[in-house]
Structures are given as structure tokens and as C-alpha cells.
Amino acid sequence: MAMRELPIVWNLSSEDARAGWRALWWSVGPDGELAVMLVRERDLHRSPYARGWIGWRVSAPCDGVLVVVADGVERRTTVTGISGSTRHLVLLSWSRFLLMSGRSRQGEDGAWESSVVVYSPGGYPMNHICLGDDIECVVADREGGIWTAHGDEGIYGCHPASRAGLARWNTDGDHVWAPRGLPVLPLGGDAAATEGTLAWHAWYSPEGAFLTRVDAVTGEESSWINPVRDTDGITVRGNRMILTHRFHNRPGVELNHAELIDDAWVVTAQERLSLPGPMGMRCVQGRDGALWLRGGDTWVRICV
């Protein structure tokens with residue numbers, strides 16, 4: 001497979017690094033904006049179980065800076081009250097965003113604790129909601145919906161909306177969609193992407209790996225066998241798709257180009273990309289046929 005390099009979309013500058021900023025959670029918004037949350041290292045501690053950016057944890061509620069890059073222009077917003085349980089950043093329409101934990105607990109009264117903070121465009125908490133339990137991957141659509149894929153502790157847990165494996169929510173925390181015809185019960189989510197009004201999920205089960213497409217307007221869903229079992233990122237445009245497989249903690253990734261042929265996704269080409277830094281978990285996101293990849297503290301972009 002040929003190796004090639006891609007132009008850089010954004011990276012953590014040496015000035016930011018010297019000032020103690022660390023790039024943590026990141027997201028691509030519905031209009032293709034790249035968002036990266038910066039937190040100072042003095043407010044972090046390192047997990048002994050994970051390498052790279054995913055291993056940093058917030059020690060106590062702190063402030064940070066949200067960097068949003070769109071059309072080559074960078075905008076920075078101070079963010080207040082970042083929780084130590086934060087695991088995901090989701091950029092919403094109208095410059096709002098979410099910071100969320102992957103887990104939620106049920107109180108003695110039966111109510112589920114809030115695990116997601118909805119922030120205003122100015123970086124201030126607006127609302128606290130719950131989007132189910134054991135969230136493995138999440139993406140927002142242009143219609144204001146939030147799509148989640150849940151892990152086995154959520155699927156076999158007590159939160160009713162997590163048991164189907166996939167879900168859609170609104171920003172008030174209301175559960176507005178659940179799957180009705182998946183081939184089998186998911187065990188966890190690999191990746192998520194959007195394509196116009198469509199949401200795509202790559203997920204796995206003991207019976208194999210699958211791809212599911214859902215129309216955000218009608219709720220209609222379709223599923224296929226995933227031709228790449230170990231998928232960690234997807235992006236789709238029409239009948240073409242890119243599925244990624246990372247070389248964990250190494251600066252490279254395999255791209256699998258696939259096409260929908262006779263109602264089956266078939267890999268038609270493979271290539272290997274060299275990235276500026278190592279890749280780990282949650283280092284790929286897809287939007288409307290474009291794929292963002294994080295290698296270390298540098299982001300690149302490729303299109304179908």
C-alpha cells in the first residue's frame with residue numbers, strides 16, 4: 001500500500017505548549033468546523049492505563065479554552081466549570097457545544113444523574129442532561145439531534161434508552177429515536193458520522209460488525225455487514241465510504257475505500273497514511289464525506 005501525507009488543518013502551537021496547554025477532547029461540527037478543548041496541565045493528572053491525550057484526566061472542576069477552526073479562521077472561547085468526568089466534546093449548531101461523561105448513575109429515587117453539560121456559545125453552562133449510560137461514541141446532526149452508541153454496560157444495564165445500543169436525543173435530554181430493526185443486538189459502538197440528514201454508525205456484536213444508516217427526518221434505518229471488522233472511523237458520501245483502522249499508538253492509519261455494490265459494502269482499495277504523531281482511541285471523525293484524523297496534537301483531513 002502506498003504511503004502519503006496530508007496537509008495540516010490545525011495543530012497545537014509551540015506557544016500553547018510552552019504555556020502549559022494540553023489538547024484534549026475534540027469534535028467536528030455539523031458544518032465542518034474543527035473544535036479542540038485546551039486545558040492547562042496544572043489542572044490535569046495522567047492515567048497510568050492510557051497513553052497519549054486520552055490518558056489525561058481533569059483533577060477538579062476547572063476552566064479551559066475551546067478552539068474552533070472554520071475556513072482557516074481560528075476562534076477561541078474561555079469555558080468554565082469543566083468536570084473531571086468529561087470524556088467527550090460535541091459541537092452543536094449555533095455555536096453551542098456539549099461536554100459529557102461516558103457514564104451515568106441511577107440514584108436511590110430512580111432518577112439518572114446528569115452526565116452532560118450543554119454550553120452556550122460564550123462558554124457558560126446552560127443545562128445539565130442525561131443521554132443514557134456507557135456512551136462509546138457520539139455525534140450531533142444539523143437538525144439539533146445527538147446520536148449515541150452505547151457499550152455493553154449500558155446495553156445490559158438499567159437505563160432503558162441505552163439497551164438498544166443506539167439512540168438519538170435532543171438538547172433537552174429527551175430520547176427521540178430508538179432502532180426498530182437492527183440485525184442483532186449491538187455490543188458497542190466503533191464510530192459515528194453524518195451525511196446530510198443521515199446518521200451513520202459502525203458497531204459490533206458477538207455475531208460480527210455492522211453499519212447502520214438512519215434518516216434523522218423519518219427515522220428510517222438500514223443496516224449492512226461492515227467489510228472492515230476493526231473500524232475506528234467512517235465517512236460517507238453517497239455510495240462511497242472510507243473506513244479507517246489505526247495502528248494503535250503509532251503514527252499511521254489504514255484507509256479502506258468502499259463502495260455500495262448490489263446492496264453490500266465492498267472494499268475496493270486500501271492505502272496507508274503517515275500522520276505527524278501517534279494515533280489512539282477517538283482519533284477519527286467523519287462528516288459529509290470528509291474525514292478528520294488526529295495524530296498526536298495535529299489534525300489532517302481527507303475527502304472521499
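In which sense do E13 and strand E14 (residues 146–150) pair, and over how many bridges? This tour of a predicted model begins with that pair and then proceeds to the pockets and the cavity.

**First stop: E13 and E14**

Select strand E13 (135–140) together with strand E14 (residues 146–150). The two strands pair in the antiparallel sense, over five bridges. Centre the view on Cys-137, which stands opposite Ala-149 in E14. Next, follow the chain from E13 to E14: the strands form a hairpin with five residues between them. In the turn, select Gly-144, whose phi is positive, at about 95°. Is E13 mostly covered or mostly open? Of its six residues, five are buried, and the strand is mostly covered.

**Second stop: the largest pocket**

Keep Cys-137 selected and add Glu-136, Asp-190, Asp-232 and Arg-282; these five are the closest to the centre of the largest pocket, among the 35 residues that line it. The space in this pocket is about 660 Å³. Which strand gives the largest share of the lining? The answer is E13, with five residues.

Now colour the other strands that each supply at least two residues of this lining:

- strand E3 (21–28) and strand E9 (88–91)
- strand E17 (188–195) and strand E21 (233–237)
- strand E22 (240–246) and strand E25 (284–287)

Colouring the lining by residue class shows 17 nonpolar, nine polar and nine charged residues.

**Third stop: the second largest pocket**

The second largest pocket holds about 260 Å³ of space. Select Ala-50, Ile-54, Arg-57, Met-281 and Arg-282, the closest to its centre of the 16 residues that line it. Arg-282 thus appears again, having been listed among the residues closest to the centre of the largest pocket. Two elements, E3 and strand E6 (56–58), give two or more residues to the lining of the second largest pocket. By class, this lining has eight nonpolar, four polar and four charged residues.

**Final stop: the cavity**

How many cavities of 30 Å³ or more does a search of the whole structure find? The search finds one, and the space in the largest cavity is about 40 Å³. To display its lining, select Leu-66, Val-68, Arg-75, Thr-77, Leu-91, Ser-95, Phe-97 and Pro-121. Strand E7 (62–70) and strand E8 (73–82) each supply at least two of the lining residues. The lining of this cavity divides into five nonpolar residues, two polar and one charged.

Definitions and conventions. Residues numbered from 1 in each chain as written. Predicted model: local features only at pLDDT ≥ 70, side-chain atom pairs only at ≥ 80, totals over all residues. Heavy atoms only, no water. 1 Å grid on protein atoms, 1.4 Å probe; cavity = no way out; pocket = protein on both sides within 12 Å on 5 of 7 lines; lining within 4 Å. Points joined across faces, edges and corners; volume = space filled by probe spheres on them. Helix = DSSP H or I, 4+ residues; strand = E, 2+ residues; numbered from the N terminus. Nonpolar A, V, L, I, M, F, W, Y, C, P; charged D, E, K, R; others polar. Buried < 20%, exposed > 50% of the residue type's maximum accessible area, 1.4 Å probe, protein only. Pairing = 2+ DSSP bridges.
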